[in-house]
Amino acid sequence: MMSEQISWATNVTVKNGPTFAVGGIVNAEAYEKLQVPVASAGEEVLNILPAGINAQFLLIKADKYAGADPETEKLVYDTGGGEKDLTGPLVLTNAAAMNLLGADFTTITFKNSMGSEVTVEVLVARDAGPPPP
């Protein structure tokens, strides 16, 4: 099976302190790029993994993360372990990091409590799964 290759990199600089440059390459059998509009006061469920399939990389980004009052106007996500605020891009760069989202997650639910629509993009690299019978 042909491997898909995803390169990732980021730089972190502390003012008057150190700089960290990290990156890597993720090899996966398949990837999916999803984009969904989440209406104001709306909810959207994305099916991102078939049951029993492992992910090696996940990126979630939105065009907006909070409204004028970030305590009440926000974007949240849930992979089955309870809602968490999405306050900025989320990038998990290896299979072990996927455990932070809970075991065997296959969907991500996004809820938007802001006064305007939000567009969410998801990139997931994963195993392709067993061949069809």
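Me: Where is T19 found, and is T19 buried or exposed?
Reply: This model is predicted, and the values discussed here are computed from it. T19 is found in strand 2, which covers residues 19-28. Its relative accessible area is 52%. Because exposed means over 50% relative accessible area, T19 is exposed.

Me: How far apart in space are T19 and T106?
Reply: One may read separation along the chain and separation in space as two distinct quantities. T19 and T106 are 87 residues apart in sequence, and their C-alpha atoms are 36 Å apart in space.

Me: Which residue is 67 residues from F57 along the chain, and what separates their C-alpha atoms?
Reply: The residue is V124, and the two C-alpha atoms are separated by 5.5 Å. F57 belongs to strand 5. With a relative accessible area of 3%, F57 is buried.

Me: How many residues of strand 5 are buried?
Reply: Six of the eight residues in strand 5 are buried, and the strand is thus described as mostly covered.

Me: How should I read a sheet, and what is the order of the strands here?
Reply: Strands of a sheet pair through backbone hydrogen bonds, and the pairing may be parallel or antiparallel. In this model, four strands make an open sheet in the order 3-10-5-8, with antiparallel pairing. Strand 3 (30-38) and strand 8 (90-92) stand at the edges. Each of these two has a single partner strand, so one side of each is left without a neighbour in the sheet. From one strand to the next, the twist averages 10 degrees.

Me: How many bridges join strand 5 to strand 10, and how many join strand 5 to strand 8?
Reply: Strand 5 (residues 55-62) is joined to strand 10 (residues 118-126) by seven bridges, and the two run antiparallel. Strand 5 is joined to strand 8 by three bridges, again with the strands running antiparallel.

Me: Which residues stand opposite K61, I60 and L58?
Reply: In strand 10, E121 stands opposite K61, and V122 stands opposite I60. In strand 8, L92 stands opposite L58. When following such positions along a strand, recall a general pattern: in a regular strand the side chains alternate between the two faces of the sheet.

Me: How many salt bridges are there, and which residue meets R126 in one?
Reply: Side chains of opposite charge can pair when their charged atoms come close. The count for this model is six salt bridges. In one of them, the side chain of R126 meets that of E32, at 3.1 Å from N to O. This pair links distant parts of the chain, since R126 is in strand 10 and E32 is in strand 3, 94 residues apart. R126 is buried, at 11% relative accessible area, whereas E32 is partly exposed, at 28%.

Me: Which residue meets K111 at 3.8 Å, and which at 2.6 Å?
Reply: The side chains of K111 and E43 meet in a salt bridge at 3.8 Å, N to O. K111 lies in strand 9 (residues 107-112) and E43 in strand 4 (residues 43-47), so this pair ties together parts that are 68 residues apart in sequence. K111 also forms a salt bridge with E83, in which the closest N and O atoms are 2.6 Å apart. E83 lies in the loop between strand 6 (75-78) and strand 7 (84-85), so its pairing with K111 in strand 9 ties together parts 28 residues apart in sequence. Each of the three residues is partly exposed: K111 has a relative accessibility of 32%, E43 has 47%, and E83 has 46%.

Me: Which residues are joined into one network by salt bridges that share partners?
Reply: K33, K61 and E121 are joined into one network in this way. Two of these residues were met above in the sheet, where K61 stands opposite E121 in strand 10.

Me: What is the volume of the largest pocket, and which residues are closest to its centre?
Reply: A pocket may be read by its volume and by the residues of its lining. The largest pocket here has a volume of about 200 Å³. It is lined by 14 residues, of which I53, N54, A55, D104 and F105 are the closest to its centre. The lining divides into eight nonpolar, five polar and one charged residue.

Definitions and conventions
Residues numbered from 1 in each chain as written. Predicted model: local features only at pLDDT ≥ 70, side-chain atom pairs only at ≥ 80, totals over all residues. Heavy atoms only, no water. Pairing = 2+ DSSP bridges. Axes fitted to C-alpha atoms, helices over the stretch in contact; angles between N-to-C directions. 1 Å grid on protein atoms, 1.4 Å probe; cavity = no way out; pocket = protein on both sides within 12 Å on 5 of 7 lines; lining within 4 Å. Points joined across faces, edges and corners; volume = space filled by probe spheres on them. Nonpolar A, V, L, I, M, F, W, Y, C, P; charged D, E, K, R; others polar. Salt bridge = Lys/Arg side-chain N within 4 Å of Asp/Glu carboxyl O. Buried < 20%, exposed > 50% of the residue type's maximum accessible area, 1.4 Å probe, protein only.
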